[in-house]
Structure formats: structure tokens, C-alpha cells
Amino acid sequence: TSGEPSKLQLSLDAPNPLTGTGAYLVLDGQDAALVRAAILDSNGNIVRSASNNVTFSIGSGPGRIIGVGNGNPSCHEPNKVNWRSAYHGLVRVIVQVTEDRTSHPDHRRRMMGIDAESGVRTKIIDPSMDDYWYDDVIVIRAEAEGVSPGLLSIPLSTDINHTVLKIAEHWMA
């Protein structure tokens, strides 16, 4: 049995080498991470009775929260927000990259000319800027009343060989 809720622990389900989904999010403007938040007691056990409302935020890096979930089939809370109540002590958040640094340079040049959102949702990086510095992580924070917050750094890459499909091709070969 577990004790009282004490802290939030964040872990990365995807990308994750243990799940065959690689080790990085690729800065392609589309890649997404699945992050798990667990409510733990002071001994590190999941508090299965916990239903705390967990709020997520991006601390730094080119990312945005695109959805949340908790696995409860009878939960009617919205999915496209930055908060969710825990179910059996667990909550999920989906984080998407907000920069495209890996699409073909011609594609990015065309997109820069026709981007109706003017880079609001996804910043398309000019190919002439590819060699410039970029954030190498997205930092996500989770908070809930009565427990210590959790932080997680999601590693980023501009190498297209780090995409999930390239990793799958590697394992299928």
C-alpha cells in the first residue's frame, strides 16, 4: 500500500529507446512526446487512490501542449487543455515540437511564403539558419496542489535518422 501523495514524477514513454520509439523528438514541426505524470508517496510508490488535478506547462524549449488524458473511460474533462485529474494516480500529457528545422529546404522556403499562421503554431526555420544554435531540450513542468512539482527534459534532434519511421526501418532491416 502507498502513503499520502507527496510528489509528481514525470517520465517519457515516447520517445524512449525501451519502447522502440527512439531517444529524441525531431524538430520537424510535427513530432510529439507522450509524457506520464505519476503521483507518488514519500517512498516513491504510485498513490493509486490519488485524483489530484495536475497542470502542465512548458518551462522552456520549442514545444506546446496539445492534449492530456488519464485513461478513465468515464472522464468527461476536456482533452485539449493543459490540466487533467489523475486516475489511479496517473495522468498523460502530449507535447509537440513547435519548430521545423528538418524538412527539405525547398519545402521550408515554400512554407515560409504561404504560412497563413505566420509561425504562430509552428516556426519554420529558414534553411540558411540551419547551422545556428537551437534548444536541445523541451522542459515540461507538472504541478498539483499538495505535492511537489515534477520536471522533465525531453531531448531534441535535427537528425532525420532519429524519426520514429527511420528507427523502425532500422529495426526491420
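These questions and answers cover a sheet and the salt bridges of a predicted model.

Me: Which strands are the edge strands of the open sheet?
Reply: Five strands make up this open sheet, with mixed pairing. Their order is β2-β11-β10-β4-β6. The strands that pair on one side only are β2 (25–26) and β6 (83–85).

Me: Which residue is the bridge partner of Val26 in β11?
Reply: Strand β2 runs parallel to β11 (residues 150–157), and two bridges join them. In β11, Val26 has as its bridge partner Ser157.

Me: How many residues apart in sequence are the parts tied together by Arg36 and Asp13?
Reply: The side chains of Arg36 and Asp13 meet in a salt bridge at 3.1 Å, N to O. Arg36 belongs to strand β3 (residues 32–40) and Asp13 to strand β1 (residues 7–14), so the parts this pair ties together are apart in sequence by 23 residues.

Me: Is Asp13 buried or exposed?
Reply: Buried means under 20% relative accessible area. Asp13 has a relative accessible area of 16%. Its partner Arg36, at 34%, is partly exposed. Asp13 therefore counts as buried.

Me: What is the relative accessible area of Arg84?
Reply: Arg84 meets Glu77 in a salt bridge, 3.3 Å from N to O. Glu77 is partly exposed at 23%. Arg84 is buried, and its relative accessible area is 3%.

Me: How far apart are the closest N and O atoms of Glu143 and Arg141?
Reply: Both ends of this salt bridge are partly exposed: Glu143 at 37% and Arg141 at 30%. Their closest N and O atoms are apart by 3.4 Å.

Terms used: Residues numbered from 1 in each chain as written. Predicted model: local features only at pLDDT ≥ 70, side-chain atom pairs only at ≥ 80, totals over all residues. Heavy atoms only, no water. Pairing = 2+ DSSP bridges. Helix = DSSP H or I, 4+ residues; strand = E, 2+ residues; numbered from the N terminus. Salt bridge = Lys/Arg side-chain N within 4 Å of Asp/Glu carboxyl O. Buried < 20%, exposed > 50% of the residue type's maximum accessible area, 1.4 Å probe, protein only.
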